[in-house]
Structure formats: C-alpha cells, structure tokens
Amino acid sequence: MSDENGKPGLSTWLAETRASYDVDAAGYAERVQGLLDTHPQLRAHLDVLADLVKHGGGGPVADVGCGPGYATRHLHDSGVEAFGIDLSPAMVAIAQRDHPRVRFEVGSMTGLDVDTCSLAAVVAFWSIIHVPDEAMPSVMAEFHRVVRPGGLVLIGFHVGDGIEHASTGYTGEPISVDTHLRQASTVSDWLRDAGFRLESVTVLRPDDDVPGAIVLARRQG
Ligand SMILES: C[S@@+](CC[C@H](N)C(=O)[O-])C[C@H]1O[C@@H](n2cnc3c(N)ncnc32)[C@H](O)[C@@H]1O
C-alpha cells in the first residue's frame, strides 16, 4: 500500500487510523449493527444510488471505508455488483465474516488498487471523516480516476468545523484517531474541483449538534 503521495508505507494519520480501527473493529461493528433498519434516510440514499447504477447499465460499485460492510451488503442485496474496501484488516475480517457472499479487501482511498474508469460508482460513508483536509483533493482525484465518465460518488460525513480526537474506543481500549467535521459546501467544492457535478446535497438532522450530510455527484467527461 502507498501513502497519499504514492510513497511506500503509510503516513502517520493513515497508520494511526488503521491501528485504531483494528483495535476497535468489534466495538464499532456492534455499535452500527442494524443501522439501516433504524435510519431509513441512509438506506434511501443507498437505494437511489443502486437504482441509478442499475438504470445506467450496472457495473462495479466500491464501498470505500466500508467498515463492517452493512452498506456494501445492502447494495449487493439490491442487485448491485458491490464490493468493500477498508484500511483496517480487522474491519475487513469482520465484514467478510458477517457477509460471506460479498467481496471485501484491504486498501486505502488515498491509492486504490482499482483500474482507471472501471467503476459505476464509489460510496464513501463516513470514511473521509478521517482524511485531513490537505489530502482531500488527492482522494477526490482518486475517486474521479476510478469512476467511469457519467459514474457516481455518494459521500456521507459529519457536518461541522474542526477536528475531534478520540483516545478511547467503543470497547474502552486506547486508540488515536482524528475525525474531521466539514461543511457540505466544502465537500461539494472538492468534488467540483475534481471534475464532478452535484446531483444532490442532503443535510440530515440539521438541528443536531453534529448533523450528517450525504452528497451525490456525477463524474463529468
Ligand atoms: C466511521 S467508520 C465508517 C464505516 C462504514 N462506512 C459506516 O458507515 O459505518 C470509518 C471507516 O473508514 C475506514 N477508513 C479510514 N480511513 C480510510 C482510508 N484512507 N481508506 C479506506 N478506509 C478508511 C476505517 O477503517 C473505518 O472502517
């Protein structure tokens, strides 16, 4: 695996994020179990993506930063050729255990082992939250590289400003991971700059302290 500059090895933030999710994979998986049943808006966005992909002729869809794989599984069960990619080998092992008919692999959105223009879509649900601002343009460029012209990206993230640091995981184990909060306009601008055109921007629970947002965009040319 290469870092965000294409050099061998991992930069500190990638290594810390991976190690933290390796420690906390089981705790995180337990926390989000059944999430699509209790959060129909999340499910609806995945369903819209699945419909658009199927009506656009199908093709592979990568769920990048898939975690325990529930979104990948939902897309797969919706008739989409979905597979999952995650930085954390422990998370990938849980996804494989829980969804044995779906393909999962270890990888990083900073340098995907995916052919250029080969995907119908990329999904990134609450995974760019661990990527620092300075690396975001190259991550968006990577999404643009792997998605075919006319293909889609669906990105979910926490809305806000600044960085939250976590030093304890869901199971109480020590971890070290940063979560970056962003305005929807910031993520939208990164997508436009990378060559995507916005299809929709949805803010979830805007009155919460930390709302969510889901942006759907289409690759131009
Ligand atoms: C908050 S979890 C979200 C998991 C899942 N998508 C969900 O919505 O529940 C963040 C996930 O992103 C993964 N991740 C973080 N940085 C990544 C990177 N550079 N490339 C791929 N996955 C990454 C983590 O290992 C973790 O599984």
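Which pocket is the space taken by the ligand? In this predicted model, the space that the ligand takes up is the largest pocket.

**View 1. The shell of residues around the ligand.** The ligand is surrounded by 20 residues, and those that come nearest are Tyr28, Gly65, Tyr70, Asp86 and Phe125. Sorted by character, the residues of this shell comprise 11 that are nonpolar, 8 that are polar and 1 that is charged. Helix 1, which spans residues 12-31, supplies the largest share of the shell, with 4 residues.

**View 2. Polar contacts of the ligand.** In the side chain of tyrosine 28, an N or O atom lies 2.6 Å from an oxygen atom of the ligand. The backbone also takes part, since a polar backbone atom of leucine 87 is 3.2 Å from a nitrogen atom of the ligand, and a nitrogen atom of the ligand is 3.0 Å from a backbone N or O atom of methionine 109. Taken alone, the ligand would expose 590 Å², of which the protein buries 98%.

**View 3. A salt bridge in helix 7.** Side chains of opposite charge can pair when their charged atoms come close. Such a salt bridge joins the side chains of aspartate 189 and arginine 192, with a distance of 2.9 Å from N to O. Both aspartate 189 and arginine 192 belong to helix 7, residues 184-194, where they are 3 residues apart, or about one turn of the helix. In total, the structure holds 8 salt bridges.

Definitions and conventions
Residues are numbered from 1 along each chain as its sequence is written. This is a predicted model: local features need pLDDT of at least 70, side-chain atom pairs count only at pLDDT 80 or more; totals for chains, interfaces and linings use all residues. Side-chain values use heavy atoms; hydrogens and water are left out. A residue is near a molecule or strand if one of its heavy atoms lies within 4 Å of it. A polar contact is a pair of N or O atoms within 3.5 Å; within protein, one must be able to donate a hydrogen and the other to accept it, and residues adjacent in sequence count only if both atoms are side-chain atoms. Accessible areas come from the Shrake-Rupley method with a 1.4 Å probe; for residues, only the protein chains shown count as cover. On a 1 Å grid over the protein atoms alone, a cavity is a set of points where a 1.4 Å probe fits but cannot get out, and a pocket is an open set with protein on both sides within 12 Å along at least five of seven lines; lining residues have an atom within 4 Å of a point. A molecule sits in a cavity or pocket if more than half of its atoms lie within 2 Å of its grid points. Helices (H or I, at least four residues) and strands (E, at least two) are DSSP runs, numbered from the N terminus. Ala, Val, Leu, Ile, Met, Phe, Trp, Tyr, Cys and Pro count as nonpolar, Asp, Glu, Lys and Arg as charged, and the others, Gly among them, as polar. A salt bridge is a side-chain nitrogen of Lys or Arg within 4 Å of a carboxyl oxygen of Asp or Glu.
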